[in-house]
Every structure is written in C-alpha cells, then in structure tokens.
Amino acid sequence: MREIQDHLGKNMKILFIGYNPSLKSGETGHHYANPNNRFWKILEESGLTPRRYSHYEDFKLLLEYGYGFTNIVSRPTKSAEEITKEEYQVGRENLRRKIEEYKPKIACFVGKGVYLEYSEKKTAPWGIQGEGIVKGVIDFVAPSSSGLVRMKFEEI
C-alpha cells in the first residue's frame, strides 16, 4: 500500500488534515477515496465547492480554491486504531513543519481525534480553537467525514 501525495501550496485558504489514508485511498492514490466517506458531499453541501468533486479530482482543489490535503500519519490503514504511538509522534512533528512552512489560513482537522493527537490536548470543542498551534494559522476542528461516524449528516 502506497502513501498518497499531499497537495500543499503557499497561500492555501484551508489545509484539510485527516488521520491517515484509507486502504482505498492507498489503492487509488487520492484523498478521501473510500466510497463510505462523506468528505466530498460535505464540501459541496457546506458551500465550500459549487459541485461535488470526486476523489480523483483532489488535486484540483488546491489550484481552483486553495484547499490543500495532508494527514497526520501517511500510512494507509483500515482504521485509525491501527496507527501506533510512534507514527503519531513522527506525524505530529511532520505536520507541524508542513503547517509552519505553508502557513494556510485555516488548518481544518477532519475529526476531533486528529486535532487531539496533533495538539496533545485532552479535549477540544468543535470549531475554531482559541489559539492556533502555529502562530498566524487558525485551527478548526470539524467532525470526521468517515461513514463510521454516528453524527447525523446535517450536524456535520
């Protein structure tokens, strides 16, 4: 299973940060490729994109809207429970370097657990966090787009 390419660039509006790629993403080489993942539907329904993009078009969002993609851990797994403490430690350091280098306006953590692993905090509210980990970058905690999440779609 291969790691998938980040989509990063200067002047990003939003950097979407996931736990790690799904096995389907590892197979296709594209972010949020699992058909049960609601990421692309959420982007459209929220108004962040005017139409529903496909995971095969993930690279277009950086060019068209300034939306980037990365993960705290790069190894594809069936579930986040398979990620080791060591992988999170390395991922945390790598992610901070990426955020410091690219300075997106908003670092959007797709799942509260992703943010908690990154920040090493015990709890966090949904939405904008008090002070970003990287100065000048707004940390935003969004619900996970995984189909395993029990939250109603409208709430997400």
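## Asp139 and strand S5

A polar atom of the Asp139 side chain lies 2.9 Å from the backbone nitrogen of Ile133. The model in which this pair is found is a predicted one. Asp139 belongs to strand S5, which spans residues 138-142. With a relative accessible area of 2%, Asp139 counts as buried, because buried residues are those under 20%.

Leaving out neighbours within four places in sequence, the contacts of Asp139 include Ala107, Phe109 and Tyr115. Further along the chain, Asp139 also touches Gly127, Ile128, Gln129, Glu131, Gly132 and Ile133. Ile133 thus appears in the contact list of Asp139 and also supplies the backbone nitrogen of the 2.9 Å pair. Lys60 stands apart from Asp139: 79 residues separate the two along the chain, and their C-alpha atoms are separated by 23 Å.

## Overall architecture

The protein has 5 helices and 5 strands. Read from the N terminus, the order of elements is β-α-α-α-β-α-β-α-β-β. Along the principal axes, the C-alpha atoms occupy a box of roughly 30 × 30 × 30 Å. A compact globule of 156 residues would have a radius of gyration near 15 Å, and the 14 Å of the protein agrees with this.

Of the 156 residues, 47% are buried. Among contacts with a separation of 6 or more, 67% are between residues 24 or more positions apart. The accessible surface comes to about 8,700 Å², and carbon and sulfur atoms account for 51% of that surface. The protein carries 24 positive and 21 negative charges, and the mean positions of the two sets are 2 Å apart.

## Thr70 in strand S2

Thr70 is located in strand S2, residues 67-71. Its relative accessible area is 1%, so Thr70 is buried, the limit being 20%. The side chain of Thr70 forms a polar contact of 2.8 Å with the side chain of Asp6.

Beyond the four nearest places in sequence on either side, Thr70 is in contact with Asp6 and Leu8, and with Leu15, Phe16, Ile17 and Gly18. His31, Leu95 and Lys98 complete the contacts of Thr70. Lys98 is also touched by Lys103, the residue described next.

## Lys103 and the loop after helix H4

Lys103 sits in the loop that links helix H4 (85-102) to strand S3 (106-110). Its relative accessibility is 42%, and Lys103 is therefore partly exposed, between the limits of 20% and 50%. The phi of Lys103 is near 45°, a positive value in a residue other than glycine. Most residues other than glycine have a negative phi.

Lys135 lies 32 residues from Lys103 in sequence, with 8.9 Å between their C-alpha atoms. A polar atom of the Lys103 side chain is 2.8 Å from the backbone oxygen of Lys135. Residues up to four places away aside, Lys103 touches Val134, Lys135 and Val137, as well as Lys98.

## Tyr32 and Ser145

Tyr32 is another non-glycine residue with a positive phi, here about 55°. Tyr32 occupies the loop between helix H1 (23-28) and helix H2 (39-46). At 13% relative accessibility, Tyr32 is buried, because the value is under 20%.

Tyr32 is one of the contacts of Ser145, a residue in the segment after strand S5. Ser145 has a relative accessible area of 2% and is buried. The side chains of Ser145 and Asn37 are joined by a polar contact of 2.7 Å. With neighbours within four places in sequence set aside, Ser145 is also in contact with Asn36, Asn37, Arg38, Phe39, Ile42 and Val110. Among these, Phe39 and Ile42 fall within helix H2 (39-46), while Val110 is in strand S3 (106-110).

Definitions and conventions:
Residues are numbered from 1 along each chain as its sequence is written. This is a predicted model: local features need pLDDT of at least 70, side-chain atom pairs count only at pLDDT 80 or more; totals for chains, interfaces and linings use all residues. Side-chain values use heavy atoms; hydrogens and water are left out. Helices (H or I, at least four residues) and strands (E, at least two) are DSSP runs, numbered from the N terminus. The radius of gyration is taken over C-alpha atoms; the globule rule is 2.2 Å times the number of residues to the power 0.38. Buried means under 20% relative accessible area, exposed over 50%, partly exposed in between (1.4 Å probe, protein chains only). Contact means heavy atoms within 4.5 Å. Accessible areas come from the Shrake-Rupley method with a 1.4 Å probe; for residues, only the protein chains shown count as cover. Lys and Arg count as positive and Asp and Glu as negative; His and the chain ends are not counted. The place of a charge is taken as NZ of Lys, CZ of Arg, CG of Asp or CD of Glu. A polar contact is a pair of N or O atoms within 3.5 Å; within protein, one must be able to donate a hydrogen and the other to accept it, and residues adjacent in sequence count only if both atoms are side-chain atoms.
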